[in-house]
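Me: I am new to this structure and would love a friendly tour that settles on one part of it. Please start with the overall picture and then take a close look at a single strand.

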Amino acid sequence: MASPFDLTLEQMCEHRSAKWSRVPADVLPAWTAEMDVRTAPAITDALRLAVERSDFGYAGDPAPVTSAFAGFARDTWGWDPTAGGGTMRLFADVGQAAIEVLRAVTSPGDRVVINPPVYLSFYPWLQAVGAEPLEVPMLDVASGGRLDLEGMERALASGARVVLLCTPHNPLGHVYTEEELSAVADLAAAHDALVISDEIHAPLVHPGSPTPFLPFLTVSEAAREVGIALHSPSKAWNTAGLKTAVGITAVPGRWPDLREELDWSPSILGQYAAVAAYTDGREWLDTVRTEIEQRTQQLSALLAEHLPAVRYTPGHASYLAWLDCRDLGLGDNPAATFLERGRVALSPGPAFGPDGAGFARLNIGTSQELMTEAVRRMAAAVSRSRIGSPVSDPGSSVAT
């Protein structure tokens, strides 16, 4: 299969998606989690069919999506989400699902355990329901990260009754081991806590990952009892704007009472796309996963050449690189300098929690050419910062 990362810069600049449209025209966007890829042919065909049918009404029967996801889960992870009375329901996206579950099981002021540096949207999700983050930072971040299980035990013992888990971890790209996940499940069971497992990046675990992705609901009987898993094709197949996600429980009765109107929130076009992705979009996904894994190695080489002071441990999932820029002397938010003086947009590290000070997240889900240009601009920004030169055109080798 031809590389899906063959879009030209001119084609990408025409995109109306947030990644490209919410930055000035001279800024190279490497921030929000969208890839620069051609849509999987199966999804294109499915959307074309919807257009030909003029099928733009409210979302319909969820069964085609849940059945397609179940088939993908069985073939990919050996997991049957419906076994033992498991149930699935649709949402518009993982964020909506997490917020609605949190709203149903927490009261304002309740604390929810999270593991920073962690997906920056976790914080506004908690704010939306009046919950407070109880931060248990990841350990050994410089080596790829691992959970602080003792810290999580203390957090749950202090009264927290929900764990919001990001697996695989964003932004570290850490793929949790069976031992880590089983321990979280046991801790949650011991303290009568719920685990909401955000598994949106699961299909993007790299082919060479030493640890396979394990759905949280499969690791133990305790995990089945305490967990709700959230999935979506949006990251792996680059369909965030199509608004469809799947929530899964492993045992009857685990779903809290949710508002009935949520059933109307997914998009019918998202349903078309999800079925196509999970059934006929797998070869495309395999190609994307292989190229992303290559990008992580290419990024290591680029940083060694242009920004050797930046420390980076390649993750084993998704297309997000967590960069330790503290030795550059750019303060708590180096992304601000990269943007101002290099005209390249990264996600600011502090948005991922207090442990993100001095870090930035770089989106490498793009062509090798544009990833190279992003690093080159970052290096130029550092040079300008050190000599105090005025902001100017960084002399791009790629027109923007």
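Of the 400 residues of the protein, what percentage count as buried? After that, which residues does strand β13 have, and which of them are buried?

Reply: Happy to help. This is a predicted model, in which local features need pLDDT of at least 70 and side-chain atom pairs count only at pLDDT 80 or more, while totals for chains, interfaces and linings use all residues. Residues are numbered from 1 along each chain as its sequence is written, and side-chain values use heavy atoms, with hydrogens and water left out.

To your first question: 57% of the 400 residues of the protein count as buried. Here buried means under 20% relative accessible area, exposed means over 50%, and partly exposed lies in between (1.4 Å probe, protein chains only). The protein has 13 helices and 13 strands; these are DSSP runs numbered from the N terminus, with H or I and at least four residues for a helix, and E and at least two for a strand. With a radius of gyration of 21 Å, close to the 21 Å that the globule rule gives for 400 residues, the protein is as compact as a globular protein of that length. That radius is taken over C-alpha atoms, and the rule is 2.2 Å times the number of residues to the power 0.38. Along its principal axes, the C-alpha trace spans about 60 × 55 × 35 Å. Among contacts in the protein with a separation of 6 or more, 73% come from residues 24 or more positions apart, a contact being heavy atoms within 4.5 Å.

Now to the strand you asked about. Strand β13 runs over residues 359-363 and is mostly covered, with five of its five residues buried. Phe 359, Arg 361 and Asn 363 point one way from β13, and Ala 360 and Leu 362 point the other way. In a regular strand, side chains alternate between the two faces of the sheet.

What sits beside β13? It belongs to an open sheet of four strands, in the order β9-β10-β13-β12, with antiparallel pairing. The edge strands are β9 (311-312) and β12, each of which pairs on one side only. Two strands pair if DSSP finds at least two bridges between them. On one side of β13, five bridges join β10 (residues 320-324) to it, and the two strands run antiparallel. Ala 321 has Leu 362 as its bridge partner in β13, and Leu 323 stands opposite Ala 360. Strand β12 (residues 347-348) is joined to β13 by two bridges, again antiparallel, and here Ser 347 stands opposite Arg 361.

The strand also meets some empty space. The structure holds three cavities of 30 Å³ or more, and about 60 Å³ of space lies in the largest cavity. On a 1 Å grid over the protein atoms alone, a cavity is a set of points where a 1.4 Å probe fits but cannot get out, a pocket is an open set with protein on both sides within 12 Å along at least five of seven lines, and lining residues have an atom within 4 Å of a point. Points are joined across faces, edges and corners, and a volume is the space filled by probe spheres set on them.

Leu 362 and Asn 363 are among the residues that line the largest cavity, along with others including Trp 20, Pro 29 and Met 371. β13 is one of the elements that supply at least two residues each to this lining, the others being α2, β1 (28-29) and α13 (368-387). Helix α13 gives the most, with three residues. By class, the lining of the largest cavity has eight nonpolar, two polar and two charged residues; Ala, Val, Leu, Ile, Met, Phe, Trp, Tyr, Cys and Pro count as nonpolar, Asp, Glu, Lys and Arg as charged, and the others, Gly among them, as polar.

Helix α2 has a part in the open space too. The largest pocket holds about 1000 Å³. Of the 42 residues that line this pocket, those closest to its centre are Ala 33, Glu 34, Lys 235, Ala 240 and Gly 241. The elements giving two or more residues to the pocket lining are α2 (18-21), α3 (41-53) and α5 (94-105). The pocket lining has 19 nonpolar, 15 polar and eight charged residues.
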